[in-house]
Amino acid sequence: MSDFRSGFVAIVGRPNTGKSTLINALVGSKIAITSPHPNTTRHAIRGIVNNPEYQAVLVDTPGVHKPKTLLGHRLNAVVNESLDSVDIVMMCLPADETSGAGDEFIAAEIAKYSRAKKFALVTKTDLVSKKNLAGRLLGISQLAKGFTWDEIVPISAAIHEQIDLLEKLIGDNLPAGPAFYPTDVKSDQKIETLICELIREAALRDAREELPHSIMVTIDEMGEREEKGSRPFFDIHATIHVERDSQTGILLGHQGERLKDIGMRARKDIERELGARIFLGLHVKVSKEWQRDPKLLERLGFTER
Ligand SMILES: Nc1nc2c(ncn2[C@@H]2O[C@H](COP(=O)(O)OP(=O)(O)OP(=O)(O)O)[C@@H](O)[C@H]2O)c(=O)[nH]1
């Protein structure tokens, strides 16, 4: 097993360029995500490709997105450190679009990954003719300023074209090393912690003055729908625990409007972090004694050891 390879692969690109679909195609079915808490890892992990020769950890690159959330800010704070730990950076460029300022910005960011191998992935090739694809490929080589693409690979994740080739190229470009995660990892307890934190942030965002920081969130139920589509779909039911009845009113707002807003924002944040579609059901509960409830504390992640 000494020639096993492992490493981190960043997938970047403008919104809607096919990143999530590609991740699902590479990772295989079902949960294409395990998202360890960003405070404890340097990247938000989008998926892990396990194959007999290598393990590739697919990560988000905070640096190439403008941060919209607190979490985004925190991720950005560590970006310079993360650039060095990425072994391959892959930029998704849809075959049916041309590149503009957005792509140039991202390509300039990629140049900062001095150590990483750089792949341009021309996505959604099933949408264009061979002739148009050739023109697109030319434009893409011109995007690279201050570096050269190590590989330019046209792919279609939708019809699984060239995905096997891409898998092989990833393996060829990873350094030798052991797996970072157990190779049967599909989901991760920590994903729940991340979801709870995003809900809590959404709740505190516009009620920071009125609510104590002691509000807590627990996941009551989380399941994946058996649905075909480019992204997994999760149903999540969560409870926001407050300490007093009056705080319930603050969270609910007039006719429940505030809770609706919180839910909407949290859902968007969770969808972005997980690369999945989400149904989010939120409930508010007065849990006066939560701080002394060992069972609840354990579910909140405060386990005694
Ligand atoms: N025809 C075709 N459509 C694709 C392909 N890959 C992705 N799409 C579609 O393109 C759209 C965007 O794909 P996503 O995978 O969600 O793109 P994304 O880059 O993750 O988007 P964001 O999460 O917004 O950043 C979806 O409607 C996909 O179904 C492909 O290979 N062929």
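In this predicted model, helix 6 (163–172) is covered from several sides. Strand 1, helix 1, strand 3 (54–59), strand 4 (88–94), strand 5 and strand 6 are among the elements that cover its buried residues. Those buried residues are I163, L166, L169, I170 and G171. Helical geometry offers a handy way to read such a list: an α-helix has 3.6 residues a turn, so residues three or four places apart point the same way. The loop leading into helix 6 comes from strand 6 (151–154) and holds Q162. This glutamine has a positive phi of about 70 degrees although it is not a glycine, and its relative accessibility of 33% makes Q162 partly exposed.

Two of the elements that cover helix 6 deserve a closer look, namely helix 1 and strand 1. Helix 1 spans residues 19–27, and eight of its nine residues are buried, so the rest of the structure largely encloses it. The buried set consists of K19, S20, L22, I23, N24, A25, L26 and V27. Strand 1 covers residues 5–12 and includes I11. With a relative accessible area of 4%, I11 falls under the 20% limit and therefore counts as buried. The C-alpha atoms of I11 and L58 lie 7.0 Å apart, although 47 residues separate the two in sequence.

Strand 4 is preceded by a loop that starts at the end of helix 3 (79–85), and D87 sits in this loop. D87 is an aspartate with a relative accessible area of 9%, so it is buried. A polar atom of the D87 side chain is 2.8 Å from the backbone nitrogen of F8. Leaving aside residues up to four places away in sequence, D87 touches S6, G7, F8, R115, A116, K117, L174 and P175.

Strand 5 (117–123) is joined to helix 5 (130–143) by a loop that contains K124. The phi angle of K124 is near 60 degrees, again a positive value in a residue other than glycine. K124 is partly exposed, at a relative accessible area of 24%. Within helix 5 lies Q142, and here the relative accessible area reaches 57%, so Q142 is exposed. Q142 and E104 are 38 residues apart in sequence, with a C-alpha to C-alpha distance of 9.9 Å.

The ligand is surrounded by 16 residues, of which N16, K19, S20, T21 and D126 are the closest. Two of these, K19 and S20, also belong to the buried residues of helix 1. By class, the shell is made up of seven polar, five charged and four nonpolar residues. Several polar contacts can be listed by distance. An oxygen atom of the ligand lies 2.9 Å from a polar backbone atom of N16, and an oxygen atom of the ligand is 3.0 Å from a polar backbone atom of T17. A side chain also takes part: an N or O atom of S156 is 3.3 Å from a ligand oxygen. On its own the ligand has 650 Å² of accessible area, of which the protein covers 73%.

Turning to the hydrophobic packing, the largest nonpolar core holds 28 residues, and I199, I240 and I270 touch the most other members. At least two residues of this core come from each of helix 7 (189–205), strand 7 (216–224), strand 8 (233–242), helix 9 (257–274) and strand 9 (277–286). Helix 7 is the main contributor, giving nine residues. I199 shows how these elements meet: not counting residues up to four places away in sequence, I199 touches V217, A238, I240, I262, A266, I270, L280 and L282. A separate core of 26 residues lies apart from this one and includes A10, I48, L93 and A120.

For the protein as a whole, the model contains 10 helices and nine strands. Of its 305 residues, 50% count as buried. Contacts between residues distant in sequence are common here: among contacts with a separation of 6 or more, 73% link residues 24 or more positions apart. The protein exposes about 15,500 Å², and 52% of that area is supplied by carbon and sulfur atoms.

Key: Residues numbered from 1 in each chain as written. Predicted model: local features only at pLDDT ≥ 70, side-chain atom pairs only at ≥ 80, totals over all residues. Heavy atoms only, no water. Core = buried A, V, L, I, M, F, W, Y, C linked by side-chain atoms within 4.5 Å. Buried < 20%, exposed > 50% of the residue type's maximum accessible area, 1.4 Å probe, protein only. Helix = DSSP H or I, 4+ residues; strand = E, 2+ residues; numbered from the N terminus. Contact = heavy atoms within 4.5 Å. Near = heavy atom within 4 Å. Polar contact = N/O pair within 3.5 Å; in protein donor to acceptor, adjacent residues only side chain to side chain. Areas by Shrake-Rupley, 256 points an atom, 1.4 Å probe, with all protein chains shown as cover. Nonpolar A, V, L, I, M, F, W, Y, C, P; charged D, E, K, R; others polar.
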